[in-house]
Structures are given as C-alpha cells and as structure tokens.
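Please open the model in your viewer, with the sequence panel beside it, and keep a selection tool at hand. The tour below moves from one selection to the next and says what can be found at each stop.

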Amino acid sequence: MSTSERDVAAARRAWCFGDFVDTDAIVASRHLSSADPANWSAQVFAEIRPDFRGGVRAGDVVVAGRRFGTGSSREHAAIALRGTGIHAVLAESFSRNFYRNAFNSALLLLEVPGARELVADGDLVVVDVAAGSVRNQSTGAEGVILPVPELALRICQAGGLPAWLAANGNTWTGAASREPSGSGGF
Amino acid sequence: MGMTVTEKILAAHAHQPTVRPGDVVVVDVDAACVDDVQFHIFRNRLREMGDVIRDPDRMLLVADHYTPPVGLAEAAVVGALGQFGRERGIRTFLREGIKHPLLIEEGIARPGDLIVATDSHTNTAGAVGAFAAALGPTDMAALAVTGRTWLRVPPTIRLEIDGTLPPYVLAVDVALAVLADFGLGFADYRAVEWTGDTVRDLGLNGRMTLCNLTTEFGAKNGIVEPRTGTGTAGGPDAPAGPHSDTDAVFESVHHYDAAAFGPVVAVPPSPANVHPVSTVAGTRIDQAYLGSCTHGSIEDLRMAATVLRGRRVHPDVELLVTPPTRRVYEAALRDGTMEALAASGATICAPGCGSCPGIHAGTLAKGQVRISTQSRNFVGRSGHPDSLVYLGSPLVVAAAAVAGVITHPADVLAGQS
C-alpha cells in the first residue's frame, strides 16, 4: 500500500459494482488450478465486467455495495485483484474471508457507508485513509471511511502477512488488541 | 458476566479466563486443514515464511474439490499436495471425500475444539459444538510457521427453534427460511448459535446442514451447543461440551416455532431468494444434484431414496449423486440406499465436492437448469454464467428428478407425477 502525500492527493478512477459481488465473479473456479497468479489476475471480473481488465489502470479503485467478496474463500480473488494494480476496494461491507485474505495480500479494503451513492462509475475519487475520508472529485460529495482495524492496516502496510510476520520475528507478539465490534472484516 | 459457547472456546484456546466481542486474541488450534484449491498459495507462502511446520500433527491436507482430477492442472495440484503430505508427515486425505463431513466422521472436530480450514464452509463442523471457521491459505501458512493464529471474538446471534417440524421439512428448509428473513450476510463478522428443541432433535446430519448454511449468513462460525446423546448415524454421538452461560450476552436472539416452516426452494441467483416449493412448482429442470457439504451425511441420501426407490428419473433429467465421503458411500451401499438411487437412473460420482463448484463432473451448459442440495446458486457457480441453480432439500431435489419439474415431494410420493 502506498501512503505518500502524492498518492493521497491522487484522483482515482472508480469502477463500480453492486451488492454481493462474490469471489466466483472475481475469479471463476475454472481458473484456480493454475499455479500462476498472473492467470488469475487476467480473469478478474471477466464475466460480470468484461471491460474491466482492459481498462483498469494502476491506482484505480473498485467501489461496491454490501458484502464484497462473498462466497468461496478462495484467496486467489484477493491476490488477483491486487495484481490488477488497483489502490483499494471501497465498499459498504466485505465478506470476512475476503477481508482477511485481502490484507494478507496487501490489498487495501475500506468500509465506506453509502459508497455506491457517493460514487458513480467513472467518477474520480480522492482517498485519504489517515484522515478517514473519501471525496468524489467529480461531484464534490464527501464520505467517511470507517476505521481500519489496526492489525489489518499494519499487515497491509508491511506489504502483506509474510513480510509483517518476518518483521515480527515469526511471532504474533503485539497482535492481540481490541477492535470496535461489528465492523472491519475478520 | 457469562460467556457464549463461542466465547468460551476462544478464551480457552487463547489461555485467557474471559474474552469479549471485539477482542483480537492469539489462539492455539486443534486442527488446521489445507485443501487442494488453496494448496498452491499455501505452499508458496510457506516457502516465503521459512518452510517450517511447527506442529505437523495438527495439520491436515485434503484433496476434495479436484478429485479424481479432470485436467492436467488439477492433477498437478493433487499430486503436489499428496507428495507434500508424505514428505512432511502430515495426515493427508486424497480420495476420502469433503473435508467438512470428514472432520466429523474422523473424530477430528470434537466439542470445544477450535478448527480452521481453507474453505468457506468450515462452519459445518460447528455441528459437534466446535468453533470452526475458514482461514485463508496465507493465514494457514503463518499458522504452520508459528503454531498459532489470531481471531477477533465475534458477537453472537442466537437462533432458537422449538417444536416439531411439519412433514417434508428438513434442516435446509429452516436455514433457508432464516436466511430469507434476515438477508445474505446478515451475520457478517458474527457467530451464529443454533439452539432449541428442534435443533437438538434434528440429529447430527441436520445440525451439519444448519451450521453449513451459516456461511451464507455471513457468519464467522455457526455452532450448536453440544448435548449428550443427540448424535445420529453419520458420526459419533456428541459428548457434553461447553455451553453458553445463562447470563451470556447475545447481540440478538430470534425465536422460531418449527411448525411455521415449510419445504422451500432458493431461486437463483441468491440463496436468500427463498420461496415455498409450491410457488415455483412446474419449473423445468435439466439436472438434479444430490451432493455437496450442505448435505454431508448418509441420512441425506436415505431421505432422497425414500422418494426415488421404485421410481424412475424423468427421461429429460440427469440425476447426479455425489456421496460426500467414502464412508457415506460405503454405508449407502450396505443399506441399499445406493442401489435404490442407481436403479432410479442416477449417475453415481466419486466422493468429494463434486459438481457444486462447477469444476467437476456435471458442469452446467449455457441455459441449463439444475436443482441441487448445495448451498450456493450465484451466477456461474456451477458452470456457464447463463445456467441456473435452484436450491432445495434432498426430498425436493429427488421429487424434481422424478417429475422433471420442481414439485412438492408429497405429489411424487402420492403418485401424481
């Protein structure tokens, strides 16, 4: 994840999706047996949004409704989305399995109440995780990012779980904490 | 302040006297299972993390989605998984069936245990009173290296079902009706605890179905309080385990009278799009499917056989039967269930996840319609994006197989089809 000043100020193109986008729709089952993550990435949203893969640019954001990443717990979905170079997924809520998998693969997920009302497909948005705010540059509308659980953010900022764990001496020391109940995946 | 059964299990595995919802705790696990679909990722992550497995005795490897392999890529995964298991001394199941019923049949998941597996339907093992939740393959590699993992203690939603279920109503009808009431993902990030007379009397097979469908509720785990002597065929009787305290704090409690439930069908493309079977009666089907971890026991096949015995599958319908495990297959051979199914015209497939994920025998073509005992009917779940999957009980699926259209099981049993 990138948190430099320049990146925070960047206006990002939004790719919008509805509620309950399931992991089959992110990467269909028949592509999972490939050992190469590039093959999963090549298939992202192939069936529900065929123009996504050709059009998405590094730093873009995916915006969705409720329970993004529902269904099968395949981690391929998070790794493949991360592989498209998107900056983050902004959604009303996420499926728990997808949430955890995403942060472990350094894919930033942000819970944004009313995300779909705030952003339309093709809008430009500015995302500021530290300030907890998202601004639709195309409309001027502003929204709130719910606090990201601290452990998830630390794992994401380290570049994913393998890097975080290595830096933590292959232990979970410091992982135990208290998080607000009822939001933030897991 | 008391604790729920889920909180008690997490506290015990975190070596803490108490936990509260919202606590992030580092826990020991009793069993950690990696499957074929996620094996590549697990293997690569484990290498990144130093390639050491701290406690191989607590790990399991299961090939259930790809077996027997249909293509070279799947064959390579299963081969690599088997070899890895042999090299590292990990208990490995290559052809025994789906991990969720296997964990119960093998006595690996026990009351009070903490079980994790790289599969969203891991919740199923909550049927024996264990905390059972899905964990991704990267988390699983970290668990292999450290011997532990972290979990956030979920708030608990308690579902109380009391009374006697009407005829033709099975556990899946109860779970789908609850899902329809509250909506897909209503239990996101939460524990779901099933309780009440009806749940106690369902037997282990029905409780497995209830816990399995909490995955579609969004729940981190689904759990039935273990009670002595209520287990039935398909697994060991559940000994006493931890219970929720009378002063445990639940996020919400919902009560149902069992008499209010009826046979239902979930209409594509959502398991929460639930309708009484009578309102979708007459819907033509191409395929009927008896299988998947949602119905992981011999009882489920026996139920279907009560409809299919002495009848023929409709000539326009393909009936596929995938025994969930080898043990269920063998039991169904011994008691005549399998003979009744095969004689009706069913095609019997190898034990495993089978046709549910759309990557194995029975994949649906464009425009084809399936009715199935599986738990998911999302777009493209079992084949072409323009295929359709209706969800129902073994009775409803068997009745549709005979009639060629969705129909109430009573109509087939009465000879009207």
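What follows is a tour of a predicted model, taken in stages from the interface between the chains to the sheets and then to some backbone details.

**The interface between chain A and chain B**

Begin by selecting the residues of each chain that touch the other chain: 51 residues of chain B are in contact with 48 residues of chain A. Together the two chains bury about 4,200 Å², and 54% of that area lies on carbon and sulfur atoms. If you then pick out Trp150(B), Arg152(B) and Tyr189(B), you have the three residues that supply 18% of the area chain B buries against chain A, more than any other three residues.

Turn next to the polar side of this interface, where 22 residue pairs are in polar contact between chain B and chain A, counting pairs with both residues at pLDDT 80 or more. Colouring chain B by secondary structure shows where its side of the interface comes from: strand 1 (23-28), helix 2 (39-48), helix 3 (72-88), strand 6 (131-134), helix 5 (137-146), strand 7 (148-152) and helix 8 (203-217) each supply at least two residues. Helix 5 of chain B gives the largest share, with 6 residues. Sorted by class, the side of chain B that touches chain A has 24 nonpolar, 12 polar and 15 charged residues.

There are 4 salt bridges between chain B and chain A. To see one of them, select Asp24(A) and Arg381(B), whose closest N and O atoms are 3.5 Å apart.

Before leaving the interface, display the backbone of strand 8 (residues 177-178) of chain A together with strand 1 of chain B, since these two strands pair in the antiparallel sense over 2 bridges. Within this pairing, Arg178(A) stands opposite Asp23(B).

**The five-stranded sheet of chain B**

Now hide chain A and select the open sheet of 5 strands in chain B, which has the order 4-3-2-5-6 and parallel pairing. Strand 4 (91-93) and strand 6 stand at its edges with a single partner strand each, so one side of each is left without a neighbour in the sheet. On average, neighbouring strands here are turned by 20° against each other, direction ignored.

Which residue stands opposite Cys33(B) in strand 3 of chain B? Selecting the pair shows that the residue is Leu60(B), and the two strands concerned, strand 2 and strand 3 (residues 59-62) of chain B, pair in the parallel sense over 4 bridges. Add helix 3 of chain B to the view: this helix packs on the sheet and touches strand 2, strand 3 and strand 4, with its direction at about 155° to that of strand 3.

Stay with strand 2 and show the side chains of Asp35(B) and Lys99(B), which meet in a salt bridge at 2.9 Å, N to O. Asp35(B) belongs to strand 2 (residues 31-35) and Lys99(B) to helix 4 (residues 99-105) of chain B, so the pair ties together parts that are 64 residues apart in sequence.

**The four-stranded sheet of chain B**

The next selection is an open sheet of 4 strands in chain B, with the order 10-9-8-11 and parallel pairing. Its edge strands are strand 10 (221-224) and strand 11 (252-257), each of which pairs on one side only, and the twist from one strand to the next averages 20°. Inside this sheet, 5 bridges join strand 8 (residues 156-162) to strand 9 (residues 191-195) of chain B, and Ile157(B) has Val192(B) as its bridge partner. Helix 1 (residues 5-14) of chain B lies across strand 8, strand 9 and strand 10, running at about 110° to strand 10.

**A hairpin in chain A**

Bring chain A back and select strand 5 (residues 124-128), which is joined to strand 1 (residues 11-16) of chain A by 3 bridges in the antiparallel sense. On its pairing with strand 6 (residues 133-136) of chain A, strand 5 has 4 bridges, again antiparallel, and Asp128(A) has Ser133(A) as its bridge partner. This hairpin has 4 residues between the strands, and Gly132(A) takes a positive phi near 70°.

**Backbone details**

Most residues other than glycine have a negative phi, and most peptide bonds are trans. Against that background, select Ala106(A), which has a positive phi of about 65° and is found in the loop between helix 6 (96-104) and strand 4 (108-111) of chain A.

Finally, centre on two cis peptide bonds in chain B: the bond from Thr67(B) to Pro68(B) has omega near -15°, and the bond joining Pro268(B) and Pro269(B) has omega of about 10°. Pro68(B) sits in the loop between strand 3 and helix 3 of chain B, while Pro269(B) lies in the loop between strand 12 (264-266) and strand 13 (274-276) of chain B.

Conventions
Residues numbered from 1 in each chain as written. Chains lettered and ligands numbered in written order. Heavy atoms only, no water. Contact = heavy atoms within 4.5 Å. Buried area = accessible area lost by both parts, 1.4 Å probe. Polar contact = N/O pair within 3.5 Å; in protein donor to acceptor, adjacent residues only side chain to side chain. Nonpolar A, V, L, I, M, F, W, Y, C, P; charged D, E, K, R; others polar. Pairing = 2+ DSSP bridges. Axes fitted to C-alpha atoms, helices over the stretch in contact; angles between N-to-C directions.
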